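Let's take a friendly walk through this protein, going from the overall fold to a pocket and then to the side chains around it. Keep the structure open beside you as you read.

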Amino acid sequence: QQQQQQQQQPSILSPESLILMASTAAFTRTRSLGLYADLLRCARRVKEDDRRSRLISGIQSSFRAHRSTTDPAKLEKFYTDAESQLGYLKMITPLVVRTTAESGGVRTYVRSADGSLVEGSAPRME
């Protein structure tokens, strides 16, 4: 009879467990929103209209598809893939840097494979 009572009682989480769960959820949300914003920002700088629209819709649909995912392994793989895509987008999208009028006005830079800025434009992708 005691076993039946123990099985019927709901499990009670400690306050520490609830705080940990809330902070983990907040971190996940912050990480998701930051990554989402960075990806969209880079995708908007892609010059070709059709490619830019495909990138933006792909990013949006991918994040929507993973919105309700709670499995930590799946989320970590999603974040790793998204961060990889962000690194690629940062390399291929131009970065406009505004300089003073004496130095020639607006210059365009792209990130090289090692992450440094190089003056020029991104190569066209076929």
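## The protein as a whole

Of the 126 residues in this protein, 20% are buried. The model is a predicted one, so please read every value here as computed from that prediction. The accessible surface comes to about 9,500 Å², and carbon and sulfur atoms account for 54% of that surface.

If you trace the chain, you will meet four helices and three strands. Starting at the N terminus, their order is α-α-α-α-β-β-β. Among the contacts with a separation of 6 or more, 40% join residues that are 24 or more positions apart.

## The largest pocket

Which residues lie nearest the centre of the largest pocket? They are Thr28, Ser32, His66, Arg67 and Tyr79, out of a lining of 20 residues. The space in this pocket is about 560 Å³.

Three helices each supply at least two residues of the lining: H2, H3 (49-65) and H4 (72-92). Helix H2 gives the most, with eight residues. By chemical character, the lining of the largest pocket divides into eight nonpolar, seven polar and five charged residues.

## Ser32, at the pocket

Ser32 has its place in helix H2, which spans residues 15-44. Is Ser32 buried or exposed? Its relative accessible area is 19%, and the cut-off for buried is under 20%, so Ser32 counts as buried.

Leaving aside residues up to four places away in sequence, Ser32 touches Phe63 and Tyr79. Tyr79 also belongs to the residues nearest the centre of the largest pocket, as does Ser32.

## The aromatic cluster

The structure holds three aromatic pairs. One of them is formed by Phe78 and Tyr79, whose rings are tilted, with 5.8 Å from centre to centre and 50° between the planes. The pair counts as tilted because its angle falls between the limits of 30 degrees for stacked and 60 for edge-to-face. Both partners are buried: Phe78 has a relative accessibility of 9%, and Tyr79 has a relative accessible area of 3%.

Which residues make up the aromatic cluster? Tyr36, Phe63, Phe78 and Tyr79 form it together. Tyr36 is found in helix H2 and has a relative accessible area of 25%, so this residue is partly exposed rather than buried.

## Two more residues of helix H2

Tyr36 touches Ile59, Gln60 and Phe63, not counting residues up to four places away in sequence. Tyr36 and Gln60 are 24 residues apart along the chain, and 8.1 Å separates their C-alpha atoms.

Leu35 also lies in helix H2. At 7% relative accessibility, Leu35 counts as buried. With residues up to four places away in sequence left out, Leu35 touches Phe63, Tyr79, Ala82, Glu83 and Leu86. For Leu35 and Ala82, the C-alpha atoms are separated by 7.4 Å, while the two residues are 47 positions apart along the chain.

Looking back over these contacts, Phe63 is touched by Ser32, by Leu35 and by Tyr36. Tyr79 is touched by Ser32 and by Leu35, and pairs with Phe78.

Notes: Residues are numbered from 1 along each chain as its sequence is written. This is a predicted model: local features need pLDDT of at least 70, side-chain atom pairs count only at pLDDT 80 or more; totals for chains, interfaces and linings use all residues. Side-chain values use heavy atoms; hydrogens and water are left out. Buried means under 20% relative accessible area, exposed over 50%, partly exposed in between (1.4 Å probe, protein chains only). Contact means heavy atoms within 4.5 Å. On a 1 Å grid over the protein atoms alone, a cavity is a set of points where a 1.4 Å probe fits but cannot get out, and a pocket is an open set with protein on both sides within 12 Å along at least five of seven lines; lining residues have an atom within 4 Å of a point. Grid points are joined across faces, edges and corners, and a volume is the space filled by probe spheres set on the points. Ala, Val, Leu, Ile, Met, Phe, Trp, Tyr, Cys and Pro count as nonpolar, Asp, Glu, Lys and Arg as charged, and the others, Gly among them, as polar. Rings of Phe, Tyr and Trp (its six-membered ring) pair if their centres lie within 6.5 Å; planes under 30 degrees apart count as stacked, over 60 as edge-to-face and the rest as tilted. Accessible areas come from the Shrake-Rupley method with a 1.4 Å probe; for residues, only the protein chains shown count as cover.
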